[in-house]
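Subject: A structure for you to look at

Hi,

I'm passing on the structure we talked about, and I hope you enjoy turning it around on your screen. Could you open it first and then read my notes below?

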Amino acid sequence: MACSLKDELLCSICLSIYQDPVSFGCEHYFCRRCITEHWVRQEPQGTRDCPECRRTFAEPTLAPSLKLANIVERYSAFPLDAILGAQRSPFPCKDHEKVKLFCLTDRAVVCFFCDEPAVHEQHQVTNVDDAFEELQRELREQLQGLQESERGHTEALHLLKRQLAETKSSAKSLRVTIGEAFERLHRLLRERQKAMLEELEADTARTLTDIEQKIQRYSQQLRKVQEGSQILQERLAEADKHVFLAGVASLSERLKGKIHETNLTYEDFPTSKYMGPLQYTIWKSLFQDIHP
């Protein structure tokens, strides 16, 4: 059936679908271009005939066949296999009670008799059954893709939620660890501060006692030195030579224990060991107590 209908729409000269079909009195149809070229080849013979029935014409007039052109146009826009398949479809056109086709390009149901063929020219048109199967296949593929995406998103959300819970738990544990670590450091610092202050107090007390003892000793020595100086000044003030010389013999005895040298050294002026880089000193002392 499909072949016979298509054969009716073929030009017998070019064996293709009619292009601008025309007739000229014998009820046979040809493409305007095909019949014109056929007659041009016949000009040397001076005759013009019909390639189908061989009837000759003196002055044939080419008359366009609008009805045949319309049929050709619709056939070109809607494939014949789709039309024949659509005749078995249970979906009638509400206006013409004819079956409908489906344009896969426009994703729309169309009617071979109602819709303009030019609208769907070069489109992929098929019958409703084939369109149903094709779209079912496409939708199943889309559904499969969506289901895979759903599984991927579900797994990703599960991992993210687990990471969220682990992060919260880890942060809670780390807060405790950090608090304990700094509390230990604070405790070590407080203990080191207390020990340093106690050591400083002890060192200061020892240093003050030593300095006070030295002050007392040097004060006593100063008084004796001053007494010796006064004895020498009195002897030097004696103008009488005999008296001066008579007193020289007992001068050494009188000066005994009156002469002392100042022998202070660097060790007599100690500095605190905490007067240097205190933070470095503390860090160095804490370094031995820290066990990462």
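**What I found**

Let's start with arginine 33, which counts as exposed at 66% relative accessibility. Here, exposed means over 50% relative accessible area, buried means under 20%, and partly exposed lies in between (1.4 Å probe, protein chains only). Before we go on, please note that this is a predicted model: local features need pLDDT of at least 70, side-chain atom pairs count only at pLDDT 80 or more, and totals for chains, interfaces and linings use all residues. Residues are numbered from 1 along each chain as its sequence is written, and side-chain values use heavy atoms, with hydrogens and water left out.

Which residue does the side chain of arginine 33 meet in a salt bridge? The partner is glutamate 37, at 3.1 Å from N to O. A salt bridge here is a side-chain nitrogen of Lys or Arg within 4 Å of a carboxyl oxygen of Asp or Glu. The two residues are four apart in helix 2 (residues 32–42), so about one helical turn separates them. Helices are DSSP runs (H or I, at least four residues), numbered from the N terminus. Glutamate 37 is partly exposed, at 37% relative accessibility.

How many salt bridges does a search of the whole structure find? There are eight, and two more of them are worth a visit in helix 5.

In helix 5 (residues 128–237), arginine 137 and glutamate 141 lie four residues apart, about one turn of the helix. Their side chains form a salt bridge of 2.7 Å, N to O. Arginine 137 is partly exposed at 34%, and glutamate 141 is partly exposed at 46%.

Also in helix 5, lysine 214 and aspartate 210 are four residues apart, about one helical turn. Their salt bridge is 3.2 Å, N to O. Lysine 214 is buried, with 13% relative accessibility, whereas aspartate 210 is partly exposed at 30%. Shared partners also link salt bridges into one network of Glu134, Arg137 and Glu141.

Now for the rings. Those of Phe, Tyr and Trp (its six-membered ring) pair if their centres lie within 6.5 Å; planes under 30 degrees apart count as stacked, over 60 as edge-to-face and the rest as tilted. That rule gives four aromatic pairs. Phenylalanine 24 and phenylalanine 30 are stacked because their ring centres are 6.0 Å apart and their planes are at 15 degrees. Both of these phenylalanines are buried. Phe24 and Phe30 join Trp39 and Phe57 in one aromatic cluster.

Happy exploring!
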